[in-house]
Amino acid sequence: MEFSEALKSRRSIRAFSDKPVRQQVIDEILLDALESPSSSNTQPYKVAVAQGDVCQQLGQELLSRYYKINKIQRQPLPIKLFKALTSKAMPDGDYKPILGKYPGIFQDRRIATGKGLYKLLGIGRGDKKARDEQMAKNFTFFDAPVAIFIFIHPGMKYTALVDSGIMMQSLMLAATDKGLGTCPQGALGMWRTPLEKHFDIPNGYKLVCGLALGYPKEDEIVNQYRPDKLDLNEFIISTKK
Ligand SMILES: Cc1cc2nc3c(=O)[nH]c(=O)nc-3n(C[C@H](O)[C@H](O)[C@H](O)COP(=O)(O)O)c2cc1C
């Protein structure tokens with residue numbers, strides 16, 4: 001595949017076929033990802049690759065936590081607060097998500113992206129149940145046979161976040177080149193304990209993001225979603241007049 005073609009054809013995939021991904025293919029993608037630049041070549045990242053039973057079990061553990069907190073959110077405030085302090089299902093990820101609205105234009109873009117996806121799926125604005133069900137699919141990795149969890153060493157401060165982002169994009173493009181689909185998933189950073197049960201995470205490493213990997217399910221409308229990207233004039237900071 002031409003590089004530009006791979007770049008443009010990579011889009012977040014949210015429905016995967018059950019076709020397994022061969023270990024050799026996974027290794028090749030990971031080796032390609034390791035070609036990424038990083039600050040002073042520190043490579044401050046590690047990945048946990050969940051496949052087979054581990055992937056299945058993790059998916060069920062994350063999904064069960066999602067349903068539990070979803071239920072808590074629907075409770076009256078005092079119960080919600082009590083549960084927030086006592087429930088084992090509360091998010092325990094290393095990086096806290098932004099609670100509530102994103103600032104300014106970013107909230108508008110977030111809404112536009114969500115709206116576009118739900119419209120394509122025929123989910124109405126008020127259909128909370130269907131939206132929750134769509135959200136729930138995140139936690140079983142949209143049925144992908146492989147889930148990759150990205151960890152960084154926070155001692156490398158912001159450079160570790162930049163480096164891991166670059167590495168993730170290399171990984172996703174390498175996967176695209178091989179006919180595979182990916183979805184980077186911040187949602188998979190919500191809980192850390194289920195991962196600790198299955199992986200020997202080295203001391204100090206923090207969970208940044210997850211990523212679903214597999215062969216895209218054919219003819220699934222969700223995989224045709226192509227959200228808008230910025231125009232060049234929105235991207236470039238103009239020079240002073
Ligand atoms: C850091 C990061 C976190 C993301 N988290 C999620 C997520 O939790 N669930 C999801 O369905 N998509 C997630 N996405 C995918 C974005 O929604 C997607 O990249 C964006 O809408 C642009 O679409 P594209 O990837 O198809 O170009 C995430 C993307 C990034 C880069």
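Author: Buried means under 20% relative accessible area, exposed means over 50%, and partly exposed is in between, using a 1.4 Å probe and protein chains only. What you're looking at is a predicted model, where local features need pLDDT of at least 70, side-chain atom pairs count only at pLDDT 80 or more, and totals for chains, interfaces and linings use all residues. Residues are numbered from 1 along each chain as its sequence is written, and side-chain values use heavy atoms, with hydrogens and water left out.

Reader: Okay, how many aromatic pairs does the structure hold?

Author: Rings of Phe, Tyr and Trp (its six-membered ring) pair if their centres lie within 6.5 Å; planes under 30 degrees apart are stacked, over 60 edge-to-face, and the rest tilted. With that rule, the number of aromatic pairs is 4.

Reader: What kind of pair do the rings of tyrosine 66 and tyrosine 67 make?

Author: A pair of aromatic rings is described by the distance of the centres and the angle of the planes. For tyrosine 66 and tyrosine 67 the centres are 5.6 Å apart and the planes sit at 50 degrees, so the pair is tilted.

Reader: Is tyrosine 66 buried or exposed?

Author: Its pair partner, tyrosine 67, is partly exposed because its relative accessibility is 36%. Tyrosine 66 has 6% relative accessibility, so it counts as buried.

Reader: And what kind of aromatic pair do phenylalanine 139 and tryptophan 191 form?

Author: Centre to centre they are 5.6 Å apart, with 70 degrees between the planes. That makes the pair edge-to-face.

Reader: How many residues apart in sequence are the parts that this pair ties together?

Author: Helices (H or I, at least four residues) and strands (E, at least two) are DSSP runs, numbered from the N terminus. Phenylalanine 139 is in the loop between α6 (128-136) and β2 (146-152), while tryptophan 191 is in the loop between β3 and α8 (193-198). Both residues are buried. The pair therefore ties together parts whose separation in residues is 52.

Reader: Switching to charges, which residue forms a salt bridge with lysine 178?

Author: A salt bridge is a side-chain nitrogen of Lys or Arg within 4 Å of a carboxyl oxygen of Asp or Glu, and the structure holds 5 of them. In this one, the closest N and O atoms are 2.9 Å apart, and the partner of lysine 178 is glutamate 28.

Reader: Where does glutamate 28 lie?

Author: Lysine 178 lies in the loop between α7 (157-177) and β3, so the pair ties together parts 150 residues apart in sequence. At the other end, glutamate 28 lies in helix α2.

Reader: Which residues are joined into one network by salt bridges that share partners?

Author: Glutamate 196 and arginine 192 meet in a salt bridge of 2.6 Å, N to O. Arginine 192 is buried because its relative accessible area is 13%. The network is made of Asp94, Arg192 and Glu196.

Reader: Over the ring of which residue does the charged end of arginine 110 sit?

Author: A charge sits over a ring if NZ of Lys or CZ of Arg is within 6 Å of the ring centre and within 35 degrees of the ring normal. Lysine 19 does this with tyrosine 215, 4.1 Å from the ring's centre. For arginine 110 the distance is 3.7 Å, and the ring belongs to tyrosine 102.

Reader: Last one: in β4, which residue is the bridge partner of glycine 181?

Author: Two strands pair if DSSP finds at least two bridges between them. Strands β3 (residues 181-185) and β4 (residues 206-214) pair in the antiparallel sense over 5 bridges. In β4, glycine 181 is partnered by glycine 214.
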